[in-house]
Amino acid sequence: MKNIDSHTHVTGTSVYLDDLPILQGTLFAAAYGSPVAHGILRRLEITEALQIPGVVRILTAKDIPGENQIGGIIPDEPLFADHHIHFAGMPLALVVAQNRDAARTAVKKIQAIIDPLEVITNPRIAQAKGELIMPAKSVIQGDTNAAWPQCTHIFEGAIDINGQEHLYIETQGAYAIPQEHGSLKVYSSTQGPTAVQRTIMRVLGIPMHRLEVVVTRLGGGFGGKEDQANTWAALCALAAHLLKKPVKYALHRMEDMAMTGKRHPYMADFKIGLDAALKILAYEVTFFQNAGASADLSPAVLQRTLFHCTNAYFIPNVSATAYSCRTNLPPNTAFRGFGGPQGMYVIEAAIAAAAAGLQVDKSLIQSANLIRTGEAFPYGQIAESEASACWDKAVALYDLENIRAAINAFNAEHLLLKKGLALMPICFGISFTNTLMNNARSLVHIYSDGSVGISTGAVEMGQGVNTKILQVAAQTLGISYDRVKINATSTYTVANTSPSAASATADLNGKATWIACNALLERLLAVTDLNVSRERLSIQNEIVLLDGVATDWNWLRLVNTAFVQRVSLSENGHYATPTIHYDSETGKGHPFAYHVYGTAIIEVTVDCLRGTYETDSVKVVHDFGVSMNPDIDRGQIEGGIVQGIGWMTLEEVIYNEQGKLLSNALSTYKVPDIYAVPKEILIDHLHTDNDNLAIFRSKAVGEPPLMYGIGAWFALRDAILAFRPDAVIPFVAPMTPEKVLMALYSKQSVPAYEEKVSHLGIDS
Ligand code: MTE
Ligand code: HPA
Ligand code: MOS
């Protein structure tokens, strides 16, 4: 089935926040963000700004009727800085004006008098100074100390992984409209309508039932709107509430890039020990997460880093510790993979270090250690593993031997062009790591004309969740797709929702829809005069079947009869993922409904004169379970791969030492363009018939494929070593063309992490 949005997307008629018709009297807002990253706010000079024609009012912390607090997990984030400024871009004031230009012009006239304080941007420095968001977390399996003496080889290293700008095509924004009885209707470009509702409740001191948060669709979220849409919605709601006028704020791209958080940069130290047969016996890792100025989702992201720190491998002795480090950057936040990719990069780097030290191919260590069914992840969950199935199929299907031979031949023939290869296995747990978030509801109405309207907590952000929910309803009710419509997401129809995130949206909301549709079907089939047991009845193509044979009951007759008999044609389904649990005290449990596996073979070509490169191909065997929509899933995999490659290669978030974002526009922040996209992406379905907890056994696909992109970093490393076998290649991502060139030619490679560590006086 086609994505139901493809027609409106292609014809430009899909409705995003900025496409909503503007009500008469609407005011426009713009935030004034702090020009410095750390300091004490002495005074705000706003007189000149107020004189700009069209400016209606300038709001600051003093104007907040409720709490000046938007921190979700930890209450450590004021909406407006009122005294202590924690990051450059932190909102100090909101200009509200009759038009957008006036608001933006006025912002430029505001001046803040700030006493600057020392700025920290490096998480290792923050950790050394005790600047932690929360106490360190760890996950432990076996006993690494007892295992080291058994290891024949031990390798250590340090890692520096950069962040990533979400670059959703639609920037952050909201439109708040006052309603009667002191209520507000807020359109928000958010993945989490309930999070927006809660934040506004807190800031305005208005009960949640007066706040309707509506989302039509997003032009991308990628995690950036899981928590960080709250700020802009709360600002608009505050202004609308105080001024009794509709207020809209859709951020300019440069405002969005400067004021919002990104994927967390991480630093890490690892120690890996192997036996003579290349089995990994022990792995110790310490993560320094660059959380930015406040917690935001960092604690949950850190948890997932720990969960995924052994990727698709079984390691009997693991000791992983993670620090969430407070720095003076905008609070970093969810981003596709949610901390998993960083954990997985580090173990891949550790394996690469071991392979280099032992002079063996990295893939030998990888394949020797893939997790098998029955083995435990470090957090206690027992694997039902497809890791080797995916790996072995990829090796055979794509003929790895032949790929290797072709690369060797190419490299022997070319002096200045070198090809590199990497295999990248993935393993990603599906469920919110916070067990209580794994629930959803679906409100299904059958109208008397036989059409069906569905409201869930799911937010469509391009990932195709609405199409999947529509499929669930149509297939469960046995009716045509045309009869079903998925409504905009609203906190008035479905309450207390988890954000659309963790790749679990279709599973959670799809299962709630399935439950509601089944209940409705039971009720409908009970109104016939067929007088047979329920098991003998089914419905297909809108015809009721008795023992598989058509009766003269059809969908419309069922609906009409039920309506006349005063049977309810509405149902609210509730789903809460069974079997999952996790004890954060012991660090053990069964946090995930299931895992998604896969293996990618990535080939790149490096121009060893220029340091530039291309991705030749990404060949994947992916564990779909049984895909309920292969076209949508393929789109998710292709997009995830390109986004992952971008993170690992071209995209470089750069803050200066004062905490100011230098890569603040598309002229200075390079994302993959059509030339950077792999020339070939092959995706093979691993067919499995195992039962799983995915909707219709169609495993979640939103985030896992991003991590195939990590292979691009290691393929580039491989190509560099083909040109210069003694190259020193620090484990620093992204591998930009500049870094490639330095690795190819620098006389004395000084790993960037050593520079950063050494001036701390820490022995690297
Ligand atoms: N695909 C598109 N087109 N746009 C997005 O914003 N977000 C990703 C992924 N794929 C995203 C996307 C992220 S971060 C997640 S968690 C999942 O989609 C969320 O949707 P799902 O739970 O329905 O997979
Ligand atoms: N994934 C994505 N988003 C989340 C999670 C998670 O595990 N937990 C809380 N928000
Ligand atoms: Mo996705 S990072 O869970 O929104």
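**Aromatic close-ups in a predicted model**

**View 1. Five residues, F270, Y345, W713, F714 and F731, are joined into a cluster by ring pairs.** Please keep in mind that the model shown here is predicted. Across the structure, the count of aromatic pairs comes to 14, and the views below pick out some of the residues involved.

**View 2. F288 and Y323 form a stacked pair.** Their ring centres are 5.7 Å apart and the planes meet at 20 degrees; with planes under 30 degrees apart counting as stacked, this pair earns that label. F288 belongs to strand β14 (residues 280-292) and Y323 to strand β15 (residues 317-326), so the contact ties together parts that are 35 residues apart in sequence. Look, too, at how F288 is placed: this residue is buried, with a relative accessible area of 7%.

**View 3. Y345 and W713 meet edge-to-face.** Here the ring centres lie 5.4 Å apart and the planes stand at 90 degrees, so the pair is edge-to-face. Distant parts of the chain are linked by this contact, with Y345 in helix α10 (residues 340-358) and W713 in helix α18 (residues 710-723), 368 residues apart. Are these two residues buried or exposed? Both Y345 and W713 are buried. The two also take part in the cluster of View 1, together with F270, F714 and F731.

**View 4. R263 places its charged end over the ring of W647.** The distance from that charged end to the ring centre is 4.7 Å.

**View 5. R557 lies over the face of W553.** In this view, R557 is at 3.6 Å from the centre of the W553 ring.

Terms used: Residues are numbered from 1 along each chain as its sequence is written. Chains are lettered from A and ligands numbered from 1 in the order in which they are written. This is a predicted model: local features need pLDDT of at least 70, side-chain atom pairs count only at pLDDT 80 or more; totals for chains, interfaces and linings use all residues. Side-chain values use heavy atoms; hydrogens and water are left out. Rings of Phe, Tyr and Trp (its six-membered ring) pair if their centres lie within 6.5 Å; planes under 30 degrees apart count as stacked, over 60 as edge-to-face and the rest as tilted. Helices (H or I, at least four residues) and strands (E, at least two) are DSSP runs, numbered from the N terminus. Buried means under 20% relative accessible area, exposed over 50%, partly exposed in between (1.4 Å probe, protein chains only). A charge sits over a ring if NZ of Lys or CZ of Arg is within 6 Å of the ring centre and within 35 degrees of the ring normal.
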